[in-house]
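Colleague: I would like a close look at a single part of this model, namely the packing of one helix and its partners. Please take me through it slowly, beginning with the chain it belongs to.

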Amino acid sequence: MPGLPPEVRKDGEPGWAGGLRKLYNSVVDEPLPDSFKDLLKKLDDSEDD
Amino acid sequence: MTERVRPSPADEGFRQELLSVLPHLRAFARGLSGRSDFADDLVQEAAIKAWTARERYQAGTNMRAWTFAILRNHYLSELRRSRRQTDLDEGVAERMLVMEADQEGPLHLGDMETALQKLAPERREAVLLVGASGFSYEEAAEIAGCPIGTMKSRVARARADLARILDGEAEGVEVKTRKAG
């Protein structure tokens with residue numbers, strides 16, 4: 001869209017707003033680190049503890 | 001005091017829902033704290049708290065909002081604990097955590113994350129909840145325990161701050177979310 005500053009999209013949302021969501025989603029998309037295995041085990045075991 | 005109960009379908013359902021929100025909790029915690037190791041500890045502790053309190057969760061309501069509130073409260077109590085331990089007044093402890101994140105730079109997510117960590121904590125939380133996590137103002141206000149109007153104004157201020165910070169750092173900023181190879 002000509003005439004719009006590069007950081008503003010045509011729907012009026014600034015470019016960084018998409019960047020913020022990308023940042024968030026980049027963490028959401030990461031596989032859970034190994035440190036979470038203990039947590040998962042705890043949740044599994046807690047039924048019997 | 002916990003009674004030993006067999007895994008019920010309700011517990012199993014809860015567990016599955018809880019597991020499904022873990023990635024979102026990690027993203028929220030990372031945004032709040034700016035430190036991935038601390039964030040992961042927060043998430044794990046919040047998940048255990050959620051599991052322990054599962055009887056208070058009403059099935060069919062919003063697991064993500066419920067667990068975000070738990071994580072957020074846990075984060076704040078960790079900040080307060082850190083304040084007690086170091087005998088600093090409020091705000092200083094929070095700033096320290098933020099500054100550590102800035103200075104040590106275990107951040108891998110580029111300019112946006114750096115900018116995020118420069119926001120006042122309550123504004124950062126607000127823009128993470130509404131702008132990143134996709135909660136409504138109403139849900140975000142409930143998670144943060146504040147009126148909707150307050151949440152709206154925090155989000156607006158956070159957005160203005162982010163725009164200013166990012167614009168100030170680079171003209172015509174192109175947000176880098178990750179230094180991808």
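**Helix α2 of chain B and its partners**

Modeller: In this predicted model, the secondary structure of chain B consists of eight helices and zero strands, so that the pattern read along the sequence is α-α-α-α-α-α-α-α. Chain B has 181 residues, of which 38% count as buried, and among its contacts with a separation of 6 or more, 65% join residues that are 24 or more positions apart.

The part to look at closely is helix α2 of chain B, residues 36-52, whose axis comes within 8 Å of the axis of helix α1 of chain B, residues 9-33, the two crossing at roughly 140°. Because an angle counts as roughly antiparallel when it is over 145 degrees, α1(B) is oblique to α2(B). The crossing of these two helices is right-handed. On the side of α1(B), the contact is made by B:Leu18, B:Leu22, B:Leu25, B:Arg26, B:Ala29, B:Arg30 and B:Ser33. From α2(B) come B:Ser36, B:Phe38, B:Ala39, B:Asp40, B:Leu42, B:Val43, B:Ala46, B:Ala47, B:Ala50 and B:Trp51. Sorted by character, the residues of this contact are twelve nonpolar, two polar and three charged.

The helix α2(B) also packs against the other chain, since helix α2 of chain A, residues 36-45, lies with its axis 10 Å from that of α2(B), at an angle of about 5°. The two helices are therefore roughly parallel to each other. Here the contact is made by A:Phe36, A:Leu39, A:Lys42 and A:Leu43 of α2(A), together with B:Gln44, B:Ala47, B:Ile48 and B:Trp51 of α2(B). The residues of this contact divide into six nonpolar, one polar and one charged. B:Ala47 and B:Trp51 are listed in the contact with α1(B), and both are listed again in the contact with α2(A).

Some care is needed with the partner chain, as the mean pLDDT of chain A is 72 and 61% of its residues reach 70 or more. Over residues 1-9 of chain A the pLDDT stays under 50, and for this stretch the model has eleven contacts beyond four places in sequence.

Elsewhere in chain B, helix α7, residues 137-144, has B:Glu139, B:Ala140, B:Ala141, B:Ile143 and B:Ala144 as its buried residues, and α7(B) is followed by B:Gly145, whose phi is positive, near 65°.

How values were computed:
Residues numbered from 1 in each chain as written. Chains lettered and ligands numbered in written order. Predicted model: local features only at pLDDT ≥ 70, side-chain atom pairs only at ≥ 80, totals over all residues. Axes fitted to C-alpha atoms, helices over the stretch in contact; angles between N-to-C directions. Helix = DSSP H or I, 4+ residues; strand = E, 2+ residues; numbered from the N terminus. Parallel < 35°, antiparallel > 145°, perpendicular 65-115°, else oblique. Left-handed = near helix turned anticlockwise from the far one by under 90°. Contact = placed C-beta atoms within 7 Å. Nonpolar A, V, L, I, M, F, W, Y, C, P; charged D, E, K, R; others polar. pLDDT = per-residue confidence, 0-100. Buried ≥ 20, exposed ≤ 12 C-beta atoms within 10 Å, placed from the backbone.
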